[in-house]
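Work through the exercises below with the model open. Try each task before reading its solution.

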Amino acid sequence: MDARHLLPFLQEQNVLSEEQAREITDELNRTGKPVETILSNFGIIQMPQILEKISDSLGLPLLADLSGLELSPELLARIPPHTARNLGALPVAGDETTLTVALADPLAAQALEDLRFATGREIAQVVAPPEQIQPLLDKHYGSAEVNIDDVLKELENAPETSIASEGVDLNEAGSAPIIKYVNTIIARAIHAKASDIHLEPFEKEFKIRYRVDGALYEMAPPPRRLAIPLTSRVKVMANLNIAERRVPQDGRIQTLLAGRQVDLRVSTLPTQYGESVVMRVLDRSVVNLDLEKLGIPKHIFDYICETIEKPNGIFIVTGPTGSGKTTTLYSCLGRVNQIDTKILTVEDPVEYELEGIIQVPANESIGLTFARALRAFLRQDPDKILVGETRDLETAQIAIQASLTGHLVMTSLHTNDAAGAVTRLLDMGVEPFLMSATMEGVLAQRLLRRVCKECRTPFRPKEEVLSQLGMTASEVGDQPFYFGKGCEVCNGTGYKGRVGIYELLDVREPIRLLINERAPSVVIRQKGIELGMTTLRQDGIRNLLEGHTSIEEVLKYT
């Protein structure tokens, strides 16, 4: 259920006080748990009682159990599949003029209006347990596949007057076909476990692409004339100014899709042919924030666990954008997040709310930079600090100061390998003796696409391919390599999911001496290898030999 509907309703019913509603909203924002779970945990009201209240207040019949419900194909066909999924609407009975439905969010009045429009029938409502509705929707209407063709046809057939090509106002951005299409784009991206949705205008077409497992895939494009209404609809959802198309804007969408809370970060960029929009999907159910389940090699995992428990020092995670740095750092925080440890973070932006951790979103426009927030942190008596990214000398200097005064600081940098973090900080202007005194370790990482387990096929690589990896046929022997042929499970790509590869530079005494001498990263890297450091390439080859990834991925990212 949507908290925006449920909490005001419970206040009207005198079940919640205003103060309790505020506390529950805070808990909701912090943990991301369903509002029903929080209400139950607070001991305020259980789901059966919530449903009874809704039934009594709205004068609607209550179906306490849907397990014995038989749904005919004729009845199910009265609601289009994408409409049923997007609105969380299950038909339970119907005749020629009226359709009776149970909603995953029984207080969503707008959903009833949308259903009247989509079905051309009068809609009657019954109240039923949301946790029983969703599995039935998945069973009868499909959970993974969102058919977009019928929505596209509806858009193409919509009259020009209802979907204008220029000067879009709120009504045009809010027309039913546009709303339906944008919801379908978002739903399809979430089902595909996409990390980003790109809406891109070009001279003669309007492209929509998803990033899945680090690679971009294009979907069937809508007509070019829909570019402005579609981007305007996204901007309305993100509370952005739809009249302003000359400057970049940033916002956030929090909406309910099929009874499930969806969180998207939105960025718009003015281009030659209109506004480009990118939506980052922030889905807690997809991201695994358990350090033990990230597939980190045991010797590196043990080192990280030991390092993040230290009372002071700096631990750096490095890699390009989209290499999983935030996931690793959040997983580290989750491991040290105990009742006796005060943890503060400054991020741009806060991607996931972590329970029991104080998170501060950086905001350059009002002067709340990483450095300024970090300076304030030192007066907040923290034990451990996370700096989302060390971007400049001032931030680096305050992080070092924090480390020297008895705090453990975790941060990320954009460099190609672990040794590169040292030269990056030297280039910023950090004094070598301060760096060598505070730096504990640098973890470099990449994400490689995982070969699909369903269509994984062994093969013997050619000698020239092995030489690119620095290997010979005699070293490999009978060891098989794998590639994905492509199947329905992986949408013909041959890959499903991603696997991390890691390189750990343990900053010990020989490395500290090299840092003090301002040694180049090549020398530091070589010394690290002498001291037992496994490089990204070596860890990639390990994953290759274990059948997790392909030769192409290892050569591309290492």
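**Exercise 1. Place a helix against a sheet.**
Task: Find which strands helix 13 lies across, and its angle to strand 15.

Solution. This is a predicted model. Start with helix 13, residues 298-308. It lies across strand 10 (313-318), strand 13, strand 14, strand 15 (439-451) and strand 18. Its direction is at about 140° to strand 15.

Next, take the sheet. It is open, has 7 strands and mixed pairing, and its order is 12-11-13-14-10-15-18. Strand 12 (358-361) and strand 18 (495-506) are the edges, each pairing on one side only. On average, neighbouring strands in this sheet are turned by 20° against each other, direction ignored.

Now look at one pair. Strand 13 (residues 384-387) and strand 14 (residues 408-413) are parallel, with 4 bridges. Opposite Leu-386 stands Met-410 of strand 14.

**Exercise 2. Check a helix.**
Task: Compare the expected span of helix 11 with the distance between its end C-alpha atoms. Then decide whether the helix is largely enclosed or largely open.

Solution. Helix 11 covers residues 176-191, 16 in number. The expected span is 1.5 Å times one less than the number of residues. That gives 22 Å, and the end C-alpha atoms are 22 Å apart, so the two agree.

Next, burial. The cut-off is under 20% relative accessible area. In helix 11, 12 of the 16 residues are buried, so the rest of the structure largely encloses it. Among the buried residues are Lys-180, Val-182, Asn-183 and Ile-186. Just past the helix, Lys-193 has a positive phi of about 55°.

**Exercise 3. Follow one methionine.**
Task: Is Met-237 buried or exposed? Which residues beyond four places in sequence does Met-237 touch?

Solution. Met-237 belongs to helix 12 (residues 227-237). Its relative accessibility is 16%. Buried means under 20%, so Met-237 counts as buried.

Now list the contacts. Met-237 touches Val-182, Asn-183 and Ile-186, as well as Arg-252, Ile-253 and Thr-255. Val-182, Asn-183 and Ile-186 are buried residues of helix 11. Finally, Gln-254 is 17 residues from Met-237 in sequence, with the C-alpha atoms 8.1 Å apart.

**Exercise 4. Explore the core.**
Task: Which residues touch the most other members of the largest nonpolar core?

Solution. This core has 52 residues. Leu-425, Met-435, Met-439, Leu-469 and Ile-524 touch the most other members. Helix 17 (residues 418-428) contributes the most, with 7 residues.

Take Leu-469 further. Beyond four places in sequence, its contacts include Phe-481, Arg-537, Ile-541 and Leu-544. Ile-551, Val-554 and Leu-555 are also among them.

Notes. Residues are numbered from 1 along each chain as its sequence is written. This is a predicted model: local features need pLDDT of at least 70, side-chain atom pairs count only at pLDDT 80 or more; totals for chains, interfaces and linings use all residues. Side-chain values use heavy atoms; hydrogens and water are left out. Helices (H or I, at least four residues) and strands (E, at least two) are DSSP runs, numbered from the N terminus. Buried means under 20% relative accessible area, exposed over 50%, partly exposed in between (1.4 Å probe, protein chains only). Contact means heavy atoms within 4.5 Å. A nonpolar core is a set of buried Ala, Val, Leu, Ile, Met, Phe, Trp, Tyr and Cys residues joined through side-chain atoms within 4.5 Å. Two strands pair if DSSP finds at least two bridges between them. Axes are lines fitted to C-alpha atoms, for helices over the stretch in contact, and angles run from 0 to 180 degrees between N-to-C directions.
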